[in-house]
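Subject: Structure for you to look at

Dear colleague,

I am passing on the structure we spoke about, together with some notes on what turned up when I went through it. Please keep the sequence and the 3D view open while you read.

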Amino acid sequence: MKDTWFLVDSGHCSPAFNMALDEALLNWHSAGKIPPVLRFYGWKPAGISIGFFQKVDGQIDLEGARNYGVELVRRQTGGKAVLHDSELTYSVIVSEEHPDMPKTVKEAYLVLSKGLFEGYKELGIKAEFAMPKSEMAKKGSAVCFEEPSWYELVIDGKKAAGSAQTRKSGVILQHGSIPLEIDENKLFDLFLYPNEEVKQRAREAFGNRAVAINDVLPHPISFDEAKAAFKKGFEQGLDVELIPFELPSLLLAEAQELEEKYKSEEWNYSRGRKEVRQS
């Protein structure tokens, strides 16, 4: 029999609540209250999530974010900043001791990214796993979609989905961005550059490095159509059965309490803490 996971469809939520709900689901899975979880969600308003260890000062244009109505939130996971706007976001919460989960972060990426691979396939899009030869993903700029990391999905050599992972309380949390469309003007107005010339060069280079779903399909698809395709993709890629799960009131209450942390200046504007292992 296939392993049974819960499917959480939480719709479009605020940046702070999205991060809080991921943490609450992680806590409940760690406590043995729920099986592994796949969650799909969107962002309202649009958000910019920064990596756990990423600095805000000197990298993020906070005035630009305010002008666009984009809310900033710090993730539990590592990596660079991501604009969450017209996209489908996923998160996977599964025990480190799950028999199908490798011990290393890199190999766990490969296993979990098979769900993304099959989701793109369901949409008729030929995607491949990235295997970068440089260290640009660790250095470079503050923008996540500048270059793929190991086993992220690429289409014609361009990064199509970005993922990040952390391990806490014996649980793997991997979440990521599946862009339906990318507003490059908005994206680059959210980051600080030495001058306009450098900013323009970065914007021009970005077009050769990143791609969204509706850039490659003959007809654009909606958030719900993408969600249906990636649900099938994760079921096939992870060989699991996904059972819709209605969030209990106690879990929602925990998420609402955690939301205050993700709204706080202390969490969002200070660098990350060392006790959490990051990818």
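Below I go through the strands, one helix, a group of aromatic rings and a separate sheet, in that order.

Please bear in mind throughout that this is a predicted model.

A good place to begin is strand E2 (residues 37-43), where 7 of the 7 residues are buried. From this strand, Val37, Arg39, Tyr41 and Trp43 point one way, while Leu38, Phe40 and Gly42 point the other way, and all of them are buried. Strand E2 has pairing partners of both kinds: with strand E1 (residues 3-13) it pairs in the parallel sense over 6 bridges, and with strand E6 (residues 87-95) it pairs in the antiparallel sense over 5 bridges. If you would like particular residues to find these pairings by, His12 has Gly42 as its bridge partner in E2, and Leu38 has Val92 as its bridge partner in E6. E1 and E2, taken together with helix H1, make a right-handed β-α-β unit.

Strand E3 (residues 47-50) and strand E4 (residues 71-74) run parallel and are joined by 4 bridges, with Gly47 of E3 having Glu71 as its bridge partner in E4. Between these two strands the chain passes through helix H2 (residues 62-68), and this β-α-β crossover, too, is right-handed.

Helix H8 (residues 249-263) allows a simple check of its geometry: at 1.5 Å a residue, its 15 residues should span 21 Å, and because its end C-alpha atoms are 21 Å apart, the two values agree. The buried residues of H8 are Leu251, Ala255, Leu258, Glu259 and Tyr262, and they pack against helix H1 (15-30), strand E4 and helix H9 (265-269).

Tyr262 also belongs to an aromatic cluster, which it forms with Phe52, Phe53 and Trp267. The model has a count of 11 aromatic pairs. In one of them, the rings of Phe52 and Phe53 have their centres 5.0 Å apart and their planes at 85 degrees, and since planes over 60 degrees apart count as edge-to-face, that is how this pair is classed. The rings of Phe52 and Trp267, with centres 5.7 Å apart and planes at 65 degrees, are edge-to-face as well. Phe52 lies in the loop between E3 and H2, whereas Trp267 lies in helix H9, so this pair ties together parts that are 215 residues apart in sequence. As for accessibility, Phe52 counts as buried at 3% and Trp267 counts as buried at 7%, whereas Phe53, with a relative accessible area of 32%, is partly exposed.

Finally, there is an open sheet of 3 strands in the order E7-E8-E9, with antiparallel pairing. Strand E7 (128-129) and strand E9 (158-159) stand at its edges, and because each has a single partner strand, one side of each is left without a neighbour in the sheet. E7 pairs with strand E8 (residues 153-155) over 2 bridges in the antiparallel sense, and here Phe129 stands opposite Leu153 of E8. Helix H3 (residues 105-122) lies across E7 and E8, and it runs at about 35 degrees to E8.

With best wishes

How values were computed. Residues are numbered from 1 along each chain as its sequence is written. This is a predicted model: local features need pLDDT of at least 70, side-chain atom pairs count only at pLDDT 80 or more; totals for chains, interfaces and linings use all residues. Side-chain values use heavy atoms; hydrogens and water are left out. Two strands pair if DSSP finds at least two bridges between them. A crossover is right-handed if, with the strands pointing away from the viewer, the path from the first strand over the helix to the second runs clockwise. The expected span of a helix is 1.5 Å times one less than its number of residues. Buried means under 20% relative accessible area, exposed over 50%, partly exposed in between (1.4 Å probe, protein chains only). Contact means heavy atoms within 4.5 Å. Axes are lines fitted to C-alpha atoms, for helices over the stretch in contact, and angles run from 0 to 180 degrees between N-to-C directions. Rings of Phe, Tyr and Trp (its six-membered ring) pair if their centres lie within 6.5 Å; planes under 30 degrees apart count as stacked, over 60 as edge-to-face and the rest as tilted.
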